[in-house]
Amino acid sequence: LPQRSLTVPWSRQLSTPIRRVTVAARQIADGNLKERVTEKSTTTEIVELTDTVNSMADSLEKQEALRKRLTADVAHELRTPLATLQSHIEAILDGVWEMDADRLKLCHEETVRLAKIVKSLEELTKYDQESTQLNIKSTNLNGLLGKVAKTFEAEFLRKGVDLTLDLPAKLTHLPLDEDKMTQALNNLVSNGLKFTPEGGTVNLSMEETEKEVCITVADTGVGISEEDLPHIFERFFRADVSRNKKTGGSGIGLAIVKSIVEAHGGRVEVQSHRDYGSVFKVYLPK
Ligand code: ADP
């Protein structure tokens, strides 16, 4: 009997923090993602368990916020073309409008816009950081940048914008997923072209420091306002939507750039002034 009275408090002391962690974990599992374990323990295992449960909750909460935002963004993007299509078709059905080639063309444009949104979503899934499986190989960056420039040569010529390439004489090799990095740089150069009027220049260059390689895409285009700058990497963000309607972007390009570069352990920085142009810098660790 004396033995029993000794073991009961001991086992209770041990099981109580675990029980508290379990209760909190169950709350989190039930979708209460703000719940955290506040257990202060000196036992290493309990501290580790608490930290693990809390960081799992952090990551679930982040995912949940992303999911909500993406759903809201997609709904917002789909609403306008769908509403336009619906009202046009209803006007035709009600006999308010005659169905002629012009009106059909208007409807067709909206379906093209819808298809573009779906395509962007597919691309986003493909390049989303969480699912970015990198196929890393040692890559000659000078060659990669040269290829990117070559891809755009004709388009630049057609628009009357100069594309210049400044590469160091020494070849730089980095472990990269060549396809994905090409995609990221294509997006930046394509934006440079899109937002630079005739007579302007887009410069693609590379510099190497001790720890990093920095790839710069600089344009003399329309620039980005201070107010829009913090948002340009967000999915579906387009500054000055009316102006951008003409350029036909869906606001996914830079989100993809960010995903790809971050999956490589790098970062993207931007500097821009309205009417003076924009400079995008991709830093990749060596
Ligand atoms: P989009 O498909 O619209 O180009 P992005 O994600 O690539 O989408 O870019 C988001 C927005 O950021 C663009 O719509 C544009 O407003 C702005 N932007 C991106 N790159 C540039 C640039 N080089 N010059 C000016 N604005 C830019």
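Strands β6 and β7 (residues 277-285) pair in the antiparallel sense, over 7 bridges. The model is predicted. Two topics follow: the sheet that holds this pair, and the ligand site.

**The sheet**

- β6 and β7 belong to an open sheet of 5 strands, ordered β2-β4-β5-β7-β6.
- Pairing across this sheet is mixed.
- Strands of a sheet pair through backbone hydrogen bonds, in either a parallel or an antiparallel sense.
- The edges are β2 (162-166) and β6 (267-273); each has a single partner strand, so one side of each is left without a neighbour in the sheet.
- From one strand to the next, the twist averages 15 degrees.
- Within the β6 and β7 pairing, Ser272 has Ser278 of β7 as its bridge partner.

**The ligand shell**

- The ligand has 19 residues around it.
- Asn191, Lys194, Asp219, Ala239 and Leu254 come nearest.
- By class, the shell holds 8 nonpolar, 8 polar and 3 charged residues.
- Three elements, α5 (178-194), α7 (253-263) and β7, each supply at least two shell residues.
- β7 therefore has a place both in the sheet and in the shell around the ligand.

**Contacts with the ligand**

- Asp219 places a polar side-chain atom 2.8 Å from a nitrogen atom of the ligand.
- Leu254 uses its backbone: a polar atom there is 2.8 Å from an oxygen atom of the ligand.
- Gly253 has a backbone N or O atom 3.3 Å from an oxygen atom of the ligand.
- Taken alone, the ligand exposes 530 Å², and the protein buries 97% of that.

Definitions and conventions. Residues numbered from 1 in each chain as written. Predicted model: local features only at pLDDT ≥ 70, side-chain atom pairs only at ≥ 80, totals over all residues. Heavy atoms only, no water. Pairing = 2+ DSSP bridges. Helix = DSSP H or I, 4+ residues; strand = E, 2+ residues; numbered from the N terminus. Axes fitted to C-alpha atoms, helices over the stretch in contact; angles between N-to-C directions. Near = heavy atom within 4 Å. Polar contact = N/O pair within 3.5 Å; in protein donor to acceptor, adjacent residues only side chain to side chain. Areas by Shrake-Rupley, 256 points an atom, 1.4 Å probe, with all protein chains shown as cover. Nonpolar A, V, L, I, M, F, W, Y, C, P; charged D, E, K, R; others polar.
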